[in-house]
Amino acid sequence: MEPARLPHPKTGALFTSPVPPGSGWPADPATPSTPVAKTPAQVRRLAARASSVDELDALVSVCRACPRLVSWREEVAVTKRKSFADQPYWGRPATGFGAQRPGILIVGLAPAAHGANRTGRVFTGDRSGDFLFAALHRAGLANQATSVDAADGLRLFDTRMAAAVRCAPPANAPTPAERSTCAPWLDAEWRLVGPHVRVIVALGGFAWRAALDMVGARSKPAPKFGHGATATLSTPSGSVTLLGCYHPSQQNTFTGRLTEAMLDDIFGTAKHLVAEAGGNEPGGR
């Protein structure tokens with residue numbers, strides 16, 4: 001039986017779940033001929049040779065190197081959540097999103113099963129994204145306060161975001177092997193955008209550790225994560241400030257561990273640090 005084709009909630013175009021590369025999904029960076037990494041060695045090789053952000057995004061979006069994650073993301077795309085049963089699910093890895101020469105890089109953990117795994121854009125279509133993008137808009141780092149789907153017109157100013165693990169993991173918990181397999185994608189993203197970045201905002205302790213590995217920080221003891229914690233890291237293109245932030249998970253935002261004011265302070269600090277480093281203050285229009 002042919003897989004069901006359902007209309008995209010914004011464009012109305014019909015797609016199967018998961019979405020085949022190059023079939024017209026909004027902002028899909030891949031084509032049917034994009035090379036597919038199926039092993040950790042292939043991830044390392046393809047990531048190392050990516051020469052642009054667009055090429056990297058295409059490669060990330062079709063990766064199949066972690067069998068457990070591939071199986072889970074595609075199972076979720078087929079079974080769906082009841083409230084989204086009438087929609088197609090992206091069901092593929094989530095690429096980075098935002099400026100290609102960012103002063104601020106936001107690093108998160110992994111896509112949500114019914115958020116980015118459904119919409120095809122990181123932090124889009126779930127409660128965490130609602131909280132995060134509203135704060136980015138208040139800070140002047142996004143053109144709108146909502147992030148609903150990949151065709152909603154959202155733009156980020158001098159800011160990019162990426163997940164350390166690109167596929168939605170069961171129970172939001174990738175294994176150490178899956179983290180290691182996925183790391184070269186983040187390393188490649190840093191190689192391509194890092195020369196412009198002055199502040200890395202790490203959303204949670206896992207993202208903090210991933211950011212330290214990404215930059216190649218080797219100091220002992222390693223800087224400790226905390227909300228508002230900072231660490232100055234040396235890179236070939238100059239120093240970068242790593243800024244810690246509690247993850248905007250429902251657990252943190254519903255309990256008040258992370259409030260709107262606390263998140264506003266983080267992005268206000270990030271903008272100030274970029275300006276101090278010699279760039280124009282992001283969002284300063």
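Is C182 buried or exposed? C182 is buried, with a relative accessible area of 9%, where buried means under 20% relative accessible area, exposed over 50% and partly exposed in between, computed with a 1.4 Å probe on protein chains only.

1. This is a predicted model, in which local features need pLDDT of at least 70 and side-chain atom pairs count only at pLDDT 80 or more, while totals for chains, interfaces and linings use all residues. Residues are numbered from 1 along each chain as its sequence is written, and side-chain values use heavy atoms, with hydrogens and water left out.

2. The largest nonpolar core (buried Ala, Val, Leu, Ile, Met, Phe, Trp, Tyr and Cys residues joined through side-chain atoms within 4.5 Å) has 41 residues, and those with the most contacts inside it are W185, W190, I200, M214 and L242. Among the elements that each supply at least two residues of this core are α6 (176-193), β6 (199-203), α7 (205-215) and β8 (238-245), helices being DSSP runs of H or I with at least four residues and strands runs of E with at least two, numbered from the N terminus. The largest share, 8 residues, comes from α7.

3. Leaving aside neighbours within four places in sequence, I200 is in contact (heavy atoms within 4.5 Å) with residues including L105, V107, W190, M214 and L242. Apart from this core lies another, of 32 residues, among them I106, A142, L258 and A270.

4. The structure holds 0 disulfides, a disulfide being a pair of cysteine sulfur atoms within 2.5 Å. For C63 the nearest cysteine sulfur, that of C167, is 6.3 Å away, and for C182 that of C66 is 6.4 Å away.
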